[in-house]
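Biologist: I should be grateful for a close look at a single part of this assembly, namely a sheet and the way its strands pair. Please then set that part beside the other chains in one connected account.

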Amino acid sequence: MSAQASNKLTGHSSSSFWRISAISRLIRDPLGLLGLVLVSLLLIGALFANHLTPYSPKALDVKNRLAAPSMSHLLGTDQLGRDTLTRVLHGGRVALQVAAWSISIALVVGLVLGMLAGYGPRWLDNCLLLVFDAVRSFPTIIFALALITLTGPSLKMVITVIIVTSIPVYARIVRTQTMALKEQEFVLAARSLGTSWFRILRVHFLPNVVGPLFILASMDIPVVVTIESGLSFLGMGVRPPTASWGATLADGYAYIRVTPWLVVAGGVPLILTTLGFTFMGEALRDILDPRLRRGL
Amino acid sequence: MPELLEVEKLRMQFRTEAGFGARLLNHEDGWIDAVLDVSFKMTTGQTMALVGESGSGKTTLGRAIIGLLRPQEGSIKFQGTELVGLGDRDYKPYRRNIGMMFQDPVASLSPRRSVRAQILEPFQVHKYKEQNMDMEVKRLMSVVGLPERFEGRFPHELSGGQARRVGVARALALSPKIIIADEPTAGLDVSVQGEVLNLMRGLQSQFSISYLVITHNLPVVRHTSDRIAIMYLGKFVEQGSTQSIFDSPAHPYTQALLGAVPKPDPKQRRKIVSIEGEVPSLRLRPDGCDFHPRCKYAQARCRSESPGETKIGSEHTVRCHFPISG
Amino acid sequence: MLTYTLKRLGLTVAIVAAAMSILFLMIHFVPGDPVTLALGTRATDEMREAYRIKMGLDRPIYVQYITFFANVMRGDIGQDVFSNQAVSTIISHHLPHTVVLVIVSIAWSALLGIFLGCFSAVHRGSLIDRFTGVVTVSAIAIPSFVVSLYSLLIFAVLLRVLPAIGAGEPGDLIDQAKHLVLPAFALGLGWVGYIARLVRASMLEIMGENYIRSARSYGLMEYTVVYSYALKIAVLPTVALLGVGVGNMLSGALFAELVFARPGIGKLIYEMVMARNFPVVQGAVLITTFMFVVSALISDLINAYLDPRVRSSL
Amino acid sequence: MDPVLSIRNLSLDFETPEGPVHALRKVSFDVPRNHIVGIVGESGSGKSTVISAAMRLLANNAVIRSGEVIFNGRDILGLSPQELRAQRGEQISMVFQDPMTSQIPVHTIGKQMMDIQYRRSTTSRAEKRQLAIDMLRRVGIPDPEERLTQYPHQFSGGMRQRISIAMALLMNPQLLIADEPTTALDVTMEAQIIHLLRELKEDFDGSILFVSHNLGLIAELCDYVVVMYAGQVIEQGSVEDLFYRAGHPYTQALLECDPARIDRVTPTLPTIAGDVPDLHIIPNGCVFAPRCSQVMDKCWTQDADFSAISAQHTASCHLLSHA
C-alpha cells in the first residue's frame, strides 16, 4: 500500500521538476557533493593546465632534480627537474581524453551489439555471447600487454584496448535489459501492430536502455583512468616525455628510496579522481535509478 | 460469404525448459502442446470468451490469432484469407483488422512515450499520412472518454482505468474488425470494472467490433459475452452460447468450474468442494481424456481414449465421452 | 545439476576455443610483423627466413590455426626462441607464486567482505554502516597498483616493518608469509569493498522479501532469520562474483608482483614483453585466460550446488 | 467472552516525500473468539495496512498516530521486539497473498517447519518432525513424509499455499490472519483453500481474520464482516446483516456492482462513479460523499458517526443517524 501510494504520487510530478531536484539532491548528499567538487577540480585543472603553472610539462631543469615541494615547485620536481604539478595537471588531460574517447565509443558499439544480441535471433545471441565471454576472459592488463607487444605502445592502443575490453561489459548489460524488455507487454503490443524490429529497437528500447547505461558508464570512468595510468606506469601507455599520472608513478617508483614526493604526487590525483567519479556516480545512480543498485 | 474469423485444428507447440536428464527419465520429447486441436468461428459484432485456468493455453491462443506466435499446425482464416504461413510483409495489412488489449494496462504502454505518441503509433507503423493525425488522436480519446489534457501524460502518470482507456484507444485506432482483450478487467476493482466493460460494449454497437475476450472471470463473462469456449490443457473442452453453457454445462470440467465460483450470498454456502486437485503441468499431459484424473465421472474409456468434439446442440460442442445431459 | 554441469562445461570449452581464436587472429592480423618483433630490425633476411620456417609462419594461415590448436591440446603452448625451453616449463616455475597470492588475497577479502557486508546490512542506516559504506566505496575506487605503491612506501620504505622484495626464502614458510602480506593486502583491498557492498545490497534486498516477512510472522528468532535464512541466500551472488574476481586479480597481481619484485606469472609477462619474447607472452596469456575461465566455472558450479533450485533440477 | 483481537481507534500515516498519506483513520473493530471475521474493501481501502499493523509488520515509513491493537488484553503496539516475537506464531500467525514467495527458497520444507517449532524445548526432534508431517497431512499434502525433504520450488502454487497455512498453524495460534490468500490462485484451487480454512477453523478452535476484495469469498467463509473505504471502517456487522441489510450507500453500491450478484443477464454493468480520494488531504465530511448517489448537504461538512442498525450492525452514514 505504501509503495503503491508513493509511486502514484511521484508519478504526478513533471519530469523537468524531477531533473532539477536531482541536482539539488546531489548537492545535498555530502559524498555526492564531494564527488562533484573533485570532478570539477579535475576538469578545471585539465582544461587550464597551460595557464595554472608557469612551467611547460616537458621543460627540463637538471639543476633542480628530485626537489622536494617548495614555493616555486608546489609538488617538487622529478628526476629530470620537470615541475611535478605541471605534469600532474597535464596528466589529468591524458586521463580524461582516454576516458572520454574509449567510453563513448565502447558505449555506442556495446549498445548496438547488446540490443542485437538481446532482440535478435537465438543463434546471433549465442554467437555474440560467446565472443563477449571470450574477450572478457582475458585479464584486461595482460591482454593489453600482449596486444601492445605486437603493435608497440601508444595512446591509441590504450584506447583500443579499453574499447575492446569494455564493449562486452556494456553489451551484456544492454542485452540483459533488452531481454527483460522484450517480454514486456508494451513490446508485444508494438509487435502485434506489425512494427518493424528496427522501429521497436529505436523507439521502444533505446530510451529505456540508454538512461541506466549512461549512469553505469559514468561509474566506469575511474576504471578506465586506472587502466590508462596502469599501462603508463608499465611504460606501455603514453610515450615519454608526455605527462601521465602513471608515468609520474613509474618515475616515483624508481626513486622511491630517494624521495616519496613523486609517488605521492602521481598517486593522489589518481585516487582523488577515482573517488570523485565514484562518489558522484553512486549518488547520481541512487537518485536517478535506485534499481540499478542490484546489478554490480 | 466467408466467416469473419475461422480457426481450424490449431496447434501451438513450445520447447520445454526440461534438461537432458528430465527428457531421458520422463521420456519427454522436449516439446509441449500449449494449444491443441482448437477450432472455432467468430461472426461480426459478436463477443466470444475464452475461459480457462492458468496453463489452459488461452493467452497463447490469443497471441497466435494476433500473429505474435506462429502456429505449428492448423489454419487461421480472416474473411477467407489464410493467415498461417504468411510472411511478415504479407501479414502486415491484416494486422490492422485485429487489435489487441493487453492484460496489464500500464505495462502495455511504452514507458517513455506520451499518451499521444501511444495512440499515434498504429498510424505511424502502418504509414497513414494523408489524414489529420491531431484530429484522429482527439477523436479516439473522446471515443474512449479520456479528457484532452491527458495527451501529454506518460504511462506512470495514469491510473489503471485511464491506462486501460489508452489501450482501448490504441486498439481501436486502425478501425479493426476484431479486438482481442486479454483479461480486460484484471487488477481493476469491482466498482470500476463495469466502466471498462460498458465502454467496450458501447464501442461494439457503435463500430460493430467483435471481441475475443480472454478471461477467468465467469461472473463477468455471463453478462458480457455471446459465446464461451472453456479451455483445459490447451484444448476446447466445451463451447457454446453463453446461455447454454451456464444453463446446461455438458463437460464435467465446465460444471466444476462454474461450481467453484463463490456466490456472494451467505445462504448459498457450499458444503462440498466441486473439484479436487489442480491443473497438471503441460509436460505431463495424462493419457486418454486430459481431464480424467480430476473427473468425478471418469470411466475406463476415459483413461485410454481421448475424446473428440461432439455436437450436442445447434452451436454447442463438448469434448467428453459421457457428457452430462440436462 | 547434471544437465547444468554438462552445459556449463561445454560453454567453458567453447569460451576457451573462442579466446584462443581471438588470440590467434590478433597475432596474425594486428599490424606489426611477428618476425621483426622477435628478432629486431637489424636481423638479416636469412635469419628472418629461418625463423619464419622454424615457427611455421610460412605455412597457410589455416594450417597454422589448426597446428596452434593441436599443439595446445597436447599441452604444448610454444617454445621460447631465446632459451629453447618449453614455454610451459618457464611458466610452471612462476605460476605457483601467483596462485598462492591470488588465493590468499581472495580468501581474506571474501571473509572480511562478507562479514562487513552482513554487519552493515543488519545495522542499516547506523553510523557504522555509513562509515563502512564510505570505506568500502573508497577501497573499490583506489587502483590496486596505487595501493601497492603506497603500502610499499609506508610499510617497507618509511616504517620498514615488512619486507618489500621477493617471495621470501624457499622453505621458510614464515618468511614467505611475511613477503605475502603487502601484495595480498594490495590485491585484496578493492575486493573487500566489492564483496561487502554486494553482500550488503543482496542482504537488504532479501530482508525485504516476502519469505523473510513470513519467517518473522512465525515468530522465528532474529538470529535464524538473518544468519540461517537471509545470509545463506545473500552469499550466492558473492560466490558467483569470486570467479570473476580471480580474473581481475590476475591483472592486479601483475602490478603487485612488479612493485614488490615478487616472482610470478605477471612479472614474467612484463619482463617478456620488455624483452619482446612473444611466444612466452602468448603462452602466459593462454594460461591466465584458462585460469580465469576455469575459476569462473568452479564458482558457478559451487553457486549452483549451493542453490537447491539448480541443484535439484536434473 | 472478550474478543481475541480488538483494534481501537487506530490511525496511521505513511510518510512520503510528498507529505504524509493518512492511510488509516480511527479504525475500530473486534475479532471475537472462534469466529471468522472478514475485511472487505477495494484497493486503497487500507485493509492490508490494518492487518500489517496488527502483526506489526509495517513498512518503515509507517507512523502510528493513535489507537491500540489489543490482542488477548495486551496492546501489541507497546510490545518490545522480544515480546512481539513470543506472540507471533504461537498466538497470532499469518498467511500471505503470494504463495510462490512465502517460503525460504534454500531450505527444505522440513527444516523450515522444524525451525518454527524452536520454542518447543521439551519436544524431541522426532516428535517435531511428526508434528510437521501431521500438519502437512491435515492441510492436504499427499505423502508428507517424503515431501518434508523437498524445497519450496518443487511444489505447485496451490500446494505452497497449503504449506503456508500448515506453517502458520504449526504452533496452534489463537488467531490466523489471512491476507487475500487465494488471489494468486486459480478458481478451482481457491475453492479448495477456502474449504480448507473453514475446516481448520473448526479443528483448531481459533479465530480467522480474512482479508479479501472478493465478496463471494467473504459470503462463503465469514461470520462477521468489516467494510473499509479510503482508510476508514464504514460499516460492520454479521455476514447476513451486510449482505441482506446493508446500511451504508457504499456497501450497497459495492454489492450492486458485483456481477455475480446480478441474476438477470444485463448488457450494462453498474459502477460507482468517481475515484478513490487522495489520502494526503482528508476533506471535511463523509469520505464517500463525492461518489455517493444519496449525498446530502451535511455530508460535505460533517463527519458521520456510527449509527447502530441492530445490536452488532453499525454504519457511519448521515442517512441512518436521523432515524
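Modeller: Two strands are said to pair when DSSP finds at least two bridges between them. The model is a predicted one, and what follows should be read in that light.

The part chosen is the open sheet of chain B, in which 4 strands lie in the order β2-β1-β4-β5 with antiparallel pairing. Its edges are formed by β2 (31-42) and β5 (81-82) of chain B, each of which pairs on one side only. At the β5 edge, strand β4 (residues 73-78) of chain B is joined to β5(B) by 2 bridges, and these two strands run antiparallel. Within that region, B:Lys77 stands opposite B:Glu82 of β5(B). The sheet also carries a helix: α2 (residues 58-66) of chain B packs on the sheet and touches β1 (5-15), β2 and β4 of chain B. The direction of this helix makes about 65° with that of β2(B).

A second open sheet, in chain D, can be set beside this one. It has 8 strands in the order β6-β7-β8-β3-β9-β10-β12-β11, and its pairing is mixed. The edge strands here are β6 (92-95) and β11 (306-310) of chain D, each pairing on one side only. From one strand to the next, the twist of this sheet averages 20°. Among the pairs in this sheet, β3 (residues 36-40) and β8 (residues 207-212) of chain D run in the parallel sense and share 5 bridges. D:Ile36 stands opposite D:Ile208, which belongs to β8(D).

The chain that holds this second sheet has 11 helices and 12 strands. For its 323 residues, a compact globule would have a radius of gyration near 20 Å, and the value for chain D is 21 Å, which agrees. Along the principal axes, the C-alpha trace of chain D spans about 70 × 50 × 45 Å. Buried residues account for 50% of the 323 residues of chain D. Of the contacts in chain D between residues at least 6 apart in sequence, 63% join residues at least 24 apart.

Chains A and C present another composition. Chain A has 12 helices and 0 strands, and chain C has 13 helices and 0 strands. In chain A, 50% of the 296 residues count as buried; in chain C, buried residues make up 42% of the 314 residues. Contacts between residues 24 or more positions apart account for 69% of those in chain A with a separation of 6 or more, and the corresponding share in chain C is 74%. The C-alpha trace of chain C spans about 85 × 55 × 35 Å along its principal axes.

One helix pair in chain A illustrates the packing. Helix α5 (residues 84-119) and helix α6 (residues 122-136) of chain A pack at an angle of about 135°, with their axes 7 Å apart. The two helices, α5(A) and α6(A), are therefore oblique to each other. Their contact is made by A:Leu113, A:Leu116 and A:Ala117 on the α5(A) side, and by A:Leu124, A:Asp125, A:Leu128 and A:Leu129 on the α6(A) side. By class, the residues of this contact comprise 6 nonpolar, no polar and 1 charged.

Chain C touches both chain A and chain D. Towards chain A, 46 residues of chain C are in contact with 41 residues of chain A. Elements giving two or more residues to this side of chain C include α1 (2-29), α8 (173-207) and α12 (278-306) of chain C. The largest share, 8 residues, comes from α12(C). This side of chain C divides into 37 nonpolar, 7 polar and 2 charged residues.

Towards chain D, 20 residues of chain C are in contact with 24 residues of chain D. At least two residues of this side come from each of α9 (210-217), α10 (222-259) and α13 (308-311) of chain C. Here α9(C) supplies the largest share, 7 residues. By class, the side of chain C that touches chain D has 8 nonpolar, 6 polar and 6 charged residues.

Methods
Residues numbered from 1 in each chain as written. Chains lettered and ligands numbered in written order. Predicted model: local features only at pLDDT ≥ 70, side-chain atom pairs only at ≥ 80, totals over all residues. Axes fitted to C-alpha atoms, helices over the stretch in contact; angles between N-to-C directions. Parallel < 35°, antiparallel > 145°, perpendicular 65-115°, else oblique. Contact = placed C-beta atoms within 7 Å. Nonpolar A, V, L, I, M, F, W, Y, C, P; charged D, E, K, R; others polar. Buried ≥ 20, exposed ≤ 12 C-beta atoms within 10 Å, placed from the backbone. Rg over C-alpha atoms; globule rule 2.2 N^0.38 Å.
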